[in-house]
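Me: Hi, could you pull up the model so we can go through it together?

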Amino acid sequence: MKIRFMSIGSGSCGNCYYLGVDDYGILIDAGIPSKTIKAALKKEGIAFESIYAVFVTHDHADHIKSLGVISSKANIPVYATREVHKGINNNYCMSKPIDPMYVRYVEKGEPTVFRSFVITPFEVPHDGTDNVGYFIEVGDTKFCIATDLGAITDTVSYYVEQANHLVIEANYEEQMLLMGRYPQFLKDRVAGMTGHLSNQTTARYLAKNFNLHLKNIWLCHLSEENNHPELAYKAVEMEFASYGLIVGKDVKLNVLKRATPSVMYHLD
């Protein structure tokens with residue numbers, strides 16, 4: 001079964017990703033205005049009514065701001081861990097809460113069967129109330145998203161290394177963060193074990209643990225202040241080259257933009 005993937009927004013200004021098959025799809029996070037999400041999908045010929053669920057990674061504002069509006073206006077259930085749902089309910093950015101009738105729970109490490117999708121949330125280290133990545137199987141296709149995490153743990157690695165298609169964070173360039181204008185406490189938070197992944201950490205991990213079944217890598221959640229798309233791309237490309245791997249031949253690599261939708265990718 002062919003699946004489609006698109007990033008609608010990827011960064012601290014707002015995150016939202018679409019994953020779908022021929023006649024329906026899901027969103028991962030909804031931290032950008034619902035009008036923006038609808039417009040991006042409409043441009044690809046996708047009716048908003050064909051979105052059947054939103055799966056949430058964690059309760060930070062840039063991942064959840066539109067959940068209440070989307071769920072109530074479009075009758076879309078919102079799947080998250082119990083702790084994330086508690087965090088969503090207590091978040092200042094939620095101008096409209098999620099109606100209890102649209103609340104659905106997932107458990108880390110437990111697959112949720114949702115129509116053609118088998119969706120397994122897994123623990124990631126970040127400083128939200130509770131934080132997950134998602135490993136999503138559609139037939140033989142294995143898709144993984146790991147965003148907003150300070151380290152690649154054994155649990156993260158277990159799911160990432162099974163993926164055919166991987167969305168993974170490359171939030172900051174280490175020297176830019178070190179020399180940048182962030183106050184020290186914020187630099188420490190970003191670079192900490194419950195903060196974000198650097199270009200260099202992501203590149204080293206991916207090169208060292210590369211599997212031939214991996215077809216696509218998308219680098220996500222780049223910092224506006226402490227990164228550039230070219231730097232993130234080059235970090236991975238150069239690290240891969242040191243292992244004899246060629247980007248564009250052995251694997252496709254793309255960098256997702258912060259506030260601009262990507263093209264629609266067709267995966268198998």
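Me: Is the crossing of α8 and α9 left-handed or right-handed?
Reply: The crossing of α8 and α9 is right-handed (the near helix is turned clockwise from the far one by less than a right angle). Keep in mind that the model is predicted, with local features needing pLDDT of at least 70 and side-chain atom pairs 80 or more, while totals for chains, interfaces and linings use all residues. Residues are numbered from 1 along each chain as its sequence is written, and side-chain values use heavy atoms, without hydrogens and water.

Me: At what angle do the axes of α8 and α9 cross?
Reply: Roughly 30 degrees, with the axes of α8 (residues 199-208) and α9 (residues 229-242) coming within 8 Å. Axes are fitted to C-alpha atoms over the stretch in contact, with angles from 0 to 180 degrees between N-to-C directions.

Me: Which residues of α8 and α9 make the contact?
Reply: From α8 it's Asn-199, Ala-203, Arg-204, Leu-206 and Ala-207, and from α9 Leu-231, Ala-232, Ala-235, Val-236, Glu-239 and Phe-240 (contact: heavy atoms within 4.5 Å). They divide into eight nonpolar, one polar and two charged (Ala, Val, Leu, Ile, Met, Phe, Trp, Tyr, Cys and Pro are nonpolar, Asp, Glu, Lys and Arg charged, the others polar).

Me: How many helices and strands does the protein have?
Reply: Nine helices and 14 strands, as DSSP runs (H or I, at least four residues; E, at least two) numbered from the N terminus. The C-alpha trace spans about 50 × 45 × 35 Å along its principal axes.

Me: New topic: which residues lie nearest the centre of the largest pocket?
Reply: Ser-12, Tyr-182, Arg-189, His-196 and His-221, out of 17 that line the largest pocket (on a 1 Å grid for a 1.4 Å probe, an open set with protein on both sides within 12 Å along at least five of seven lines; lining residues have an atom within 4 Å of a point).

Me: Where does the largest share of that lining come from?
Reply: Helix α7 (residues 184-191), with three residues. By class, the pocket lining has four nonpolar, seven polar and six charged residues.
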